[in-house]
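Q: Please give a close look at a single pocket of this model. Which parts of the chain line it, and how are those parts arranged?
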Amino acid sequence: MQDPSRWCHWASLPCPSVREAAFMYSTAVAVFLVILVAALQGSAPPESPFLYRIPLDPEGSLELSWNVSYAQEAIFFQLLVKQLKAGVLFGMSDRGELENADLVVLWTDGDTAYFADAWSDQKGKIHLDPQQDYQLLQVQRTPEGLALLFKRPFGTCDPKDYLIEDGTVHLVYGILEEPFQSLEAINSSGLRTGLQRVQLLKPNITFPAIPSDTCTMDIHAPDIQIPNQVTTYWCYIHELPEGFPRHHIVKYEPIVTKGNEALVHHMEIFQCAPEMDNVPHFSGPCDSKMKPDRLNYCRHVLAAWALGAKAFYYPEEAGIAFGGPGSSRYVRLEVHYHNPLVIEGRRDSSGIRLYYTDKLRRFNAGIMELGLVYTPVMAIPPRETAFVLTGYCTDKCTQLALPPSGIHIFASQLHTHLTGRKVVTVLARDGREWEIVNQDNHYSPHFQEIRMLKKMVSVHPGDVLITSCTYNTEDRELATVGGFGILEEMCVNYVHYYPETQLELCKSAVDAGFLQKYFHLINRFNNEDVCTCPQASVSQQFASVPWNSFNSEVLKALYDFAPISMHCNKSSAVRFPGEWNLQPLPKVIPTLEEPTPQCPTSQGRSPAGPTIISIGGGKG
């Protein structure tokens with residue numbers, strides 16, 4: 001055991017002897033020269049300062065900043081460790097686990113500090129990655145703490161590495177409280193760990209200028225006390241001024257109370273239904289028994305923000321209308337607080353700032369729902385790892401409801417409930433897949449935001465929009481049916497587009513009559529155990545199914561071939577004229593392939609072993 005008198009005050013690192021200090025100094029100089037040469041060769045990102053920043057842990061002792069270089073297909077990270085002890089690990093994994101994670105580790109053996117690309121196995125044990133794809137660029141002591149600057153390609157072609165894609169990324173971290181003699185001696189199960197969700201690959205788009213005469217409106221929580229529980233959804237009703245005329249929202253951005261950056265997880269503003277001419281004022285938990293029922297009719301999304309997102313801009317030719325005739329004067333703010341340390345007494349006034357103008361733009365922006373109707377006829381069997389449900393916006397509906405010039409989708413918000421794992425919407429044209437509208441292969445229901453697309457997607461009359469959701473019900477014993485409840489499921493893509501049309505909802509569900517044929521069929525194979533009586537609800541029928549692989553596969557086959565009931569609805573919830581029941585599934589030839597990641601050259605990689613670094617003071 002080390003002599004306690006030899007530990008430095010700033011961290012759990014031993015104070016070196018003169019010989020050790022000389023060795024460390026020469027090593028630091030060598031490393032710094034390597035980093036300096038790399039910087040002069042153009043390794044450092046051109047953008048400065050870092051555009052994006054989030055706290056990783058609830059206490060705010062770890063802060064991540066990053067820039068994206070699409071030219072280099074790489075991300076430049078800065079990890080700020082404000083209270084360094086004996087090291088830190090940071091990385092990515094499929095769902096935020098510390099097992100089977102792609103990691104970068106800073107650690108000390110008590111005498112020397114190291115930096116290395118690593119991975120964890122199924123038991124959480126850390127291993128050195130023979131392919132070092134995290135490239136250390138700089139180590140710097142700052143007034144706030146130790147800053148590590150490093151770079152990582154989007155894809156590495158290393159089977160132990162995480163492929164960074166456009167959607168959600170689950171970041172993981174761990175705090176090392178004491179030295180370890182080797183990297184392999186570290187086991188993540190014994191560390192203080194956590195996860196944070198974020199979209200790393202922000203779109204590289206140019207934002208339009210905001211006119212100087214634009215007004216702002218802050219809709220925020222009224223200095224509430226954050227409840228001392230892990231998860232809270234707080235609802236607050238805001239009333240627009242009497243006689244507030246029609247305006248266009250052209251931008252919005254978050255307002256987060258200083259010090260609460262790690263607690264405010266995401267926020268949304270919903271406009272109440274136009275017929276709601278009087279909504280009671282309310283400020284309290286959204287699941288409170290005191291919440292007025294009328295708040296349930298405040299569902300029209302005006303703005304949505306999640307941790308890591310910056311300001312949201314509308315295209316310069318469009319804005320979303322609010323105020324004026326046919327628009328409710330009431331909006332609902334919903335703030336999700338994530339308080340894993342159960343901090344008490346913290347007050348908060350976070351919310352969203354709307355930028356709006358009375359100089360209406362050329363087009364009204366609209367929001368259209370794609371995917372599945374909220375109905376129990378669409379269900380996921382229990383104990384499934386990747387069950388897919390698909391909803392359609394058919395060519396018949398777009399031909400009838402869209403203008404001849406089509407519409408332009410510029411943003412998208414994907415949505416499922418608790419079992420959703422992947423969501424994708426594909427545009428099909430002339431019977432073939434044409435392009436992906438939005439896709440998230442690591443989707444989390446706990447991280448939902450309106451995301452600006454990298455490029456606009458134009459939808460023409462006669463096009464088909466196909467939205468598929470993948471679910472995991474491994475921990476459930478009964479079928480999960482579609483519906484509004486949090487334990488029920490949804491599959492939705494709220495697409496933001498212009499020009500606004502009368503089409504507000506373009507979704508489907510399996511024909512109810514064909515579903516009854518399914519229940520009758522499996523009833524014959526299960527000793528009449530399945531309820532087929534007329535008075536039973538669909539939810540009750542699904543609950544009576546004795547689930548096995550056969551019954552699950554037959555249900556999947558039904559969803560893949562049975563006709564659908566189309567909901568081609570106007571904003572009044574009335575369908576467009578036409579026959580919408582017993583519609584055939586659109587016939588679409590799959591033509592889109594998963595992009596193949598570009599493997600970086602070996603010259604861009606770090607040495608095969610750990611990098612020895614100096615983390616005393618100044619740059620290293």
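A: Domain bounds are taken from an automatic or database domain assignment. With these bounds, domain 1 (52-202) and domain 3 (366-570) each contribute at least three residues to the lining of the second largest pocket. The model is predicted, so local features need pLDDT of at least 70 and side-chain atom pairs pLDDT 80 or more, while totals for chains, interfaces and linings use all residues. Residues are numbered from 1 along each chain as its sequence is written, and side-chain values use heavy atoms, without hydrogens and water.

The second largest pocket (an open set of points on a 1 Å grid where a 1.4 Å probe fits, with protein on both sides within 12 Å along at least five of seven lines) holds about 1,200 Å³ of space, counted as the space filled by probe spheres set on the points. Its lining, made of residues with an atom within 4 Å of a point, numbers 37 residues. Nearest the centre of this pocket lie D166, I436, Q439, K454 and P595. By class, the lining comprises 17 nonpolar residues (Ala, Val, Leu, Ile, Met, Phe, Trp, Tyr, Cys and Pro), 12 charged (Asp, Glu, Lys and Arg) and eight polar (the others, Gly among them).

Three strands (DSSP runs of E, at least two residues, numbered from the N terminus) are to be named here. β28 (420-429), β29 (432-440) and β30 (451-459) each give the lining at least two residues. The largest share comes from β29, with seven residues.

Two of these strands, β28 and β29, take part in an open sheet of four strands, paired in the antiparallel sense and ordered β26-β31-β28-β29. Because β26 (387-393) and β29 each have a single partner strand, they stand at the edges, and one side of each is left without a neighbour in the sheet. Strands count as paired if DSSP finds at least two bridges between them; β28 and β31 (residues 464-471) are joined by eight bridges in the antiparallel sense. Within this pairing, S468 of β31 stands opposite V424.

A second open sheet may be set beside the one just described. This sheet has five strands in the order β1-β2-β3-β9-β8, again with antiparallel pairing. Its edge strands are β1 (52-55) and β8 (135-142), each of which pairs on one side only. The partner of β8 is β9 (residues 145-153), and seven antiparallel bridges link the two. One residue pair can be named here: T142 has G145 of β9 as its bridge partner.
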